[in-house]
Amino acid sequence: MPAVVHGVDNSVKDRLDRLASYTVTEHYAVFRGRDTSKPAAEMLVKTTYRKETGKSYQILAQSGSALWRNQVLKTLLENEQRMSQPGNVETALINSSNYEMKLDKNAVQTLNGRQCLLLDITPRRKSEYLFNGLLWVDARDYAIVQLKGTAAKSAVFIANAAEVTRQYAEVNDVPMATHAEAVSGSSLLGQTVVKVDYSDYQMQLLPAPVKTAVSR
């Protein structure tokens, strides 16, 4: 088990070290109740990430309820921007510094055509950026494939802590988010579902470190 945790730590660190910058188009949609056929609000965003400063956002288009755009979507963007900044991003990484990790009893699984290891993860502190749940990692290189869990703390003041699913795929050999869903609720507003789709990644990567042979 320590080898698996070590592998996850190395994969997460390698991703953070190699990502110099990227842009991605993100489509956000908010749904009320159990009806996910028509969103209450939508937002199309161009996100730019730079290692030195974190994320910034340009809203390309938006529609629907101003309440949901301002209180839910813009709050999520502001939280993501704050979390991505140097000094903060380290506290949200999916690694053993922020989580206790152990192999699930059904550890070997196939997900999206990839052989994965399933880990139970428990945050070491309460944070809206950390999740209590399950983590699927590629059995070959320990790259993150999917996260599913409940946020340790609510990110939006009008809702309970969200149940989150986030899926990843390899883009230029780096795991990047492709889809996310967050389901939350409150006695005042009922169930809220936020779906995010990520597309058109444009990435600038730093060279992978050269591995030197160990002399014996």
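Hi everyone, let's walk along the chain: from the N terminus on, the elements of this protein run α-β-β-β-α-β-β-β-β-β-β-β. That makes two helices and ten strands, where helices (H or I, at least four residues) and strands (E, at least two) are DSSP runs, numbered from the N terminus.

Before we go further, a word on what you are looking at. This is a predicted model, in which local features need pLDDT of at least 70 and side-chain atom pairs count only at pLDDT 80 or more, while totals for chains, interfaces and linings use all residues. Residues are numbered from 1 along each chain as its sequence is written, and side-chain values use heavy atoms, with hydrogens and water left out.

Now the overall picture. Of the protein's 216 residues, 44% count as buried; buried means under 20% relative accessible area, exposed means over 50%, and partly exposed is in between, with a 1.4 Å probe and protein chains only. The protein exposes about 11,800 Å², and carbon and sulfur atoms supply 49% of that. These areas come from the Shrake-Rupley method with a 1.4 Å probe, and for residues only the protein chains shown count as cover. If we take contacts (heavy atoms within 4.5 Å) between residues at least 6 apart in sequence, 50% of them join residues at least 24 apart.

Let's start with helix α1, residues 2-18. Its 17 residues reach 24 Å from the first C-alpha to the last, close to the 24 Å expected at 1.5 Å a residue; the expected span is 1.5 Å times one less than the number of residues. The buried residues of α1 are Val4, Val5, Gly7, Val8, Ser11, Val12, Leu16 and Arg18.

Asp17 also belongs to α1. Is Asp17 buried or partly exposed? Asp17 is partly exposed, because its relative accessible area is 37%. Setting aside residues up to four places away in sequence, Asp17 touches Lys51 and Leu206. Leu206 is 189 residues away from Asp17 along the chain, yet their C-alpha atoms are separated by 7.5 Å.

Next comes strand β1, residues 19-32. Ten of its 14 residues are buried, so β1 is largely enclosed by the rest of the structure. Which strands does β1 pair with? One is β10 (residues 190-205), antiparallel over twelve bridges, and another is β2 (residues 41-50), also antiparallel, over ten bridges. Two strands pair here if DSSP finds at least two bridges between them. Thr25, for instance, has Ser199 in β10 as its bridge partner.

Val24 is a nice place to stop on β1. Val24 counts as buried because its relative accessible area is 1%. It stands opposite Thr47 in β2. Beyond residues up to four places away in sequence, Val24 touches Val45, Lys46, Thr47, Tyr198, Ser199, Asp200 and Tyr201. The C-alpha atoms of Val24 and Asp200 are separated by 5.6 Å, although their positions lie 176 residues apart along the chain.

On to the interior. A nonpolar core is a set of buried Ala, Val, Leu, Ile, Met, Phe, Trp, Tyr and Cys residues joined through side-chain atoms within 4.5 Å. The largest one has 49 residues, and those touching the most other members are Tyr22, Tyr28, Ile94, Met101, Met176, Tyr201 and Met203. Apart from it lies another core, of five residues, among them Leu111, Leu118, Trp136 and Val145.

Then we have a hairpin. Strands β4 (residues 99-111) and β5 (residues 114-123) pair in the antiparallel sense over nine bridges, with Met101 partnered by Ile121 in β5. Two residues sit between the strands, and Asn112 in the turn has a positive phi of about 55°.

Arg114 is found in β5. It counts as buried because its relative accessible area is 17%. The side chain of Arg114 makes polar contacts with the side chains of Asp138 (3.1 Å) and Glu170 (3.4 Å). A polar contact is a pair of N or O atoms within 3.5 Å; within protein, one must be able to donate a hydrogen and the other to accept it, and residues adjacent in sequence count only if both atoms are side-chain atoms.

Finally, two loop residues. Tyr142, in the loop between β6 and β7, has a positive phi of about 65° although it is not a glycine. Asn172, in the loop between β8 and β9, likewise has a positive phi, near 55°. Thanks for listening!
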